[in-house]
Amino acid sequence: MNFKYIRELFKQHGALKKVRLPKKVNSQNHRGFGFVEFTNPEQAHQAFKSLQHTHLYGRKIVIQWS
């Protein structure tokens, strides 16, 4: 999954503060999860509700609040 696509998907719901997709040790591959941080908690909540059952390029996005 590409950083750019995740950013584009979530920024539709508000201003983003940070997007992180951790990589595997000694590899350029992502570990399969990431973190999206919004500047506004209400926008984060709206994105959480709206994107819970979303698919991106054939893969289901599982969203958890942290």
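Two residues are in contact here when heavy atoms of theirs lie within 4.5 Å. With that in mind, welcome to a tour of this predicted model.

**View 1. The whole chain, with two helices and four strands.**
Let us start with the overall layout. Walking from the N terminus, you meet the elements in the order α-β-β-α-β-β. The radius of gyration is 12 Å, close to the 11 Å that the globule rule gives for 66 residues, so the chain is as compact as a globular protein of that length. Along its principal axes, the C-alpha trace spans about 35 × 25 × 20 Å. Of the 66 residues, 26% count as buried. The accessible surface comes to about 5,200 Å², and carbon and sulfur atoms account for 48% of that area. If you look at contacts between residues at least 6 apart in sequence, 34% of them join residues at least 24 apart.

**View 2. Helix α1 and its buried face.**
Helix α1 covers residues 3–11. Which residues of α1 are buried? They are Ile6, Leu9 and Phe10. Seen down the helix axis, these buried residues fall within an arc of 90°, so they line one face of α1. They pack against two strands early in the chain, β1 (16–20) and β2 (35–38), and also against helix α2 (41–51) and strand β3 (55–56).

**View 3. Helix α2, from its start to its buried side.**
At the start of α2, look for Asn40: one of its side-chain oxygens reaches to within 2.7 Å of the backbone nitrogen of Glu42. Further along, the buried residues of α2 are Ala44, Ala47, Phe48 and Leu51. They cover an arc of only 100° around the axis, which puts them on the same side of the helix. Helix α1 and strand β2 are among the elements that cover these buried residues.

**View 4. Thr54, a buried residue in a loop.**
Here we move to the loop between α2 and β3, where Thr54 lies. Is Thr54 buried or exposed? Its relative accessibility is 15%, and because buried means under 20%, Thr54 counts as buried. Its side chain reaches the backbone oxygen of Leu51 at 3.1 Å. Leaving aside residues up to four places away in sequence, Thr54 touches Leu9, Arg59, Lys60 and Ile61. You may remember Leu9 as one of the buried residues of helix α1, and Leu51 as one of those in α2.

**View 5. Asn26, an exposed residue with a positive phi.**
Most residues other than glycine have a negative phi. Against that background, have a look at Asn26, which has a positive phi of about 60° although it is not a glycine. Where is Asn26 found? It sits in the loop between β1 and β2. Its relative accessibility is 82%, and because exposed means over 50%, Asn26 counts as exposed.

**View 6. Tyr57, another positive phi in a loop.**
The last close-up shows the loop between β3 and β4 (59–60), where you will find Tyr57. What is the phi of Tyr57? It is positive, at about 55°, although Tyr57 is not a glycine. With a relative accessibility of 61%, Tyr57 counts as exposed.

Notes:
Residues numbered from 1 in each chain as written. Predicted model: local features only at pLDDT ≥ 70, side-chain atom pairs only at ≥ 80, totals over all residues. Heavy atoms only, no water. Rg over C-alpha atoms; globule rule 2.2 N^0.38 Å. Buried < 20%, exposed > 50% of the residue type's maximum accessible area, 1.4 Å probe, protein only. Areas by Shrake-Rupley, 256 points an atom, 1.4 Å probe, with all protein chains shown as cover. Arc of directions from axis to C-beta. Polar contact = N/O pair within 3.5 Å; in protein donor to acceptor, adjacent residues only side chain to side chain.
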